[in-house]
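Grab a pencil and work through these exercises with the structure open beside you. Try each task yourself before you read the solution.

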Amino acid sequence: MDARRLDSRSEVGRSGVRSVLLALSVLVAVALVNATNPTDHDVEAIGLAAAVAGGGNHSLVLKSDGTVWSFGNNAYGQLGTSTNIGTNWANPVPSLVLSGASAVAAGDSHSLVLKSDGTVWSFGNNAFGQLGTSTNSGTSVANPVPSLVMSGASAIAAGALHSLVLKSDGTVW
């Protein structure tokens, strides 16, 4: 890659600015359409969110009432539901997954939920043991049902193909 300046005076900079402006205009157009023609597919139908997590092709929303909602791709059960499991079909309507949650985390194709009682629940792809359970570990078989991983947790994190749990005693798993 050459070291030309990426500003509006260079051809590369003008191209980048045009790309950003095009992307912004598409987002504004979509927002205007949704504002004038709301449907049940609008994400804002979820209500007030306390936290969000984005995975490879799926999203998790933690509402202020402690419920967790998911939408997007569900090829590996990463939505925590059996809707369109094992397919690459879109799931644009949010689905209720769990209640009593205090945090969410999303990896490439797996999800974690920390409940307010300190338990950690996982669902989705477990090809690399990222769910922290032995269920289908080492395979790409879908795991759509949330499974209890451990208790006594205070925080969770998810990488593309791994998960981390911080326990209340300070240990990391």
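**Exercise 1. Asn 84: buried, partly exposed or exposed?** Classify Asn 84 by its relative accessibility, then look at its backbone.

*Solution.*
Step 1. Keep in mind that you're looking at a predicted model.
Step 2. The relative accessibility of Asn 84 is 23%. Buried means under 20% and exposed means over 50%, with partly exposed in between, so Asn 84 counts as partly exposed.
Step 3. Find where Asn 84 sits: it's in the loop between β3 and β4.
Step 4. Now the backbone angle. Most residues other than glycine have a negative phi. Asn 84 has a positive phi of about 55°, although it is not a glycine.

**Exercise 2. Two more asparagines.** Place Asn 136 and Asn 143 in the chain, and say how accessible each one is.

*Solution.*
Step 1. Asn 136 lies in the loop between β7 and β8, and Asn 143 has its place in the loop between β7 and β8 too.
Step 2. Asn 136 has a relative accessible area of 29%, so it is partly exposed.
Step 3. For Asn 143 the relative accessibility is 7%, so this residue counts as buried.
Step 4. Check phi of Asn 136: the value is near 55°, which is positive in a residue other than glycine.
Step 5. Finally, go from Asn 143 to Ser 122. They are 21 residues apart in sequence, and their C-alpha atoms are 8.8 Å apart in space.

**Exercise 3. The chain from end to end.** How many helices and strands are in the chain, and in what order do the elements run?

*Solution.*
Step 1. Count the elements: there are 1 helix and 10 strands.
Step 2. Start at the N terminus and read along: α-β-β-β-β-β-β-β-β-β-β.
Step 3. Add a note on burial: of the chain's 173 residues, 36% count as buried.

**Exercise 4. The open sheet.** What is the strand order in the open sheet of 4 strands, and which strands stand at its edges?

*Solution.*
Step 1. The order is β1-β2-β3-β4, and the pairing is antiparallel.
Step 2. The edge strands are β1 (49–54) and β4 (95–98). Each has a single partner strand, so one side of each is left without a neighbour in the sheet.
Step 3. From one strand to the next, the twist averages 30°.
Step 4. Zoom in on one pair. Strand β3 (residues 68–72) is joined to β4 by 3 bridges, and the two run antiparallel. Across this pair, Ser 70 stands opposite Ser 95 in β4.

**Exercise 5. Strand β7 and its partners.** Is β7 largely enclosed or left open? And which strands are joined to it by bridges?

*Solution.*
Step 1. Strand β7 covers residues 120–124, and 4 of its 5 residues are buried, so it is largely enclosed by the rest of the structure.
Step 2. On to its partners. Strand β6 (residues 110–115) is joined to β7 by 5 antiparallel bridges, with Ser 111 opposite Phe 123 in β7.
Step 3. Strand β8 (residues 147–150) is joined to β7 by 3 bridges, again antiparallel. Here Trp 121 stands opposite Leu 148 in β8.
Step 4. Look at the hairpin of β6 and β7, with 4 residues between the strands: Gly 118 takes a positive phi near 90° there.

**Exercise 6. The largest nonpolar core.** How many residues does the largest nonpolar core have, and which strand gives the largest share?

*Solution.*
Step 1. The core has 11 residues, among them Ala 53, Leu 60, Val 97, Val 104 and Phe 123.
Step 2. Ask which elements give two or more residues: they are β2 (58–63), β4 and β5 (101–106).
Step 3. The largest share, 3 residues, comes from β5.

**Exercise 7. A nonpolar patch on the surface.** Which residues form the nonpolar patch, and where is Leu 166 found?

*Solution.*
Step 1. The patch is made of Leu 164, Leu 166 and Val 172, which together have about 240 Å² of accessible area.
Step 2. Leu 166 is found in strand β10 (residues 163–167). At 33% relative accessibility, Leu 166 counts as partly exposed.
Step 3. Now follow β10 to its partner. Strand β9 (residues 153–158) is joined to β10 by 5 bridges, running antiparallel, and the two form a hairpin with 4 residues between them.
Step 4. One patch member turns up in this pairing: Leu 164 in β10 is the bridge partner of Ala 157.

Note on methods:
Residues are numbered from 1 along each chain as its sequence is written. This is a predicted model: local features need pLDDT of at least 70, side-chain atom pairs count only at pLDDT 80 or more; totals for chains, interfaces and linings use all residues. Side-chain values use heavy atoms; hydrogens and water are left out. Patches are made of residues with over 30% relative accessible area and no salt bridge: like charges are joined within 9 Å, nonpolar side chains (Val, Leu, Ile, Met, Phe, Trp, Tyr) within 5 Å. Accessible areas come from the Shrake-Rupley method with a 1.4 Å probe; for residues, only the protein chains shown count as cover. A salt bridge is a side-chain nitrogen of Lys or Arg within 4 Å of a carboxyl oxygen of Asp or Glu. Buried means under 20% relative accessible area, exposed over 50%, partly exposed in between (1.4 Å probe, protein chains only). Two strands pair if DSSP finds at least two bridges between them. Axes are lines fitted to C-alpha atoms, for helices over the stretch in contact, and angles run from 0 to 180 degrees between N-to-C directions. A nonpolar core is a set of buried Ala, Val, Leu, Ile, Met, Phe, Trp, Tyr and Cys residues joined through side-chain atoms within 4.5 Å.
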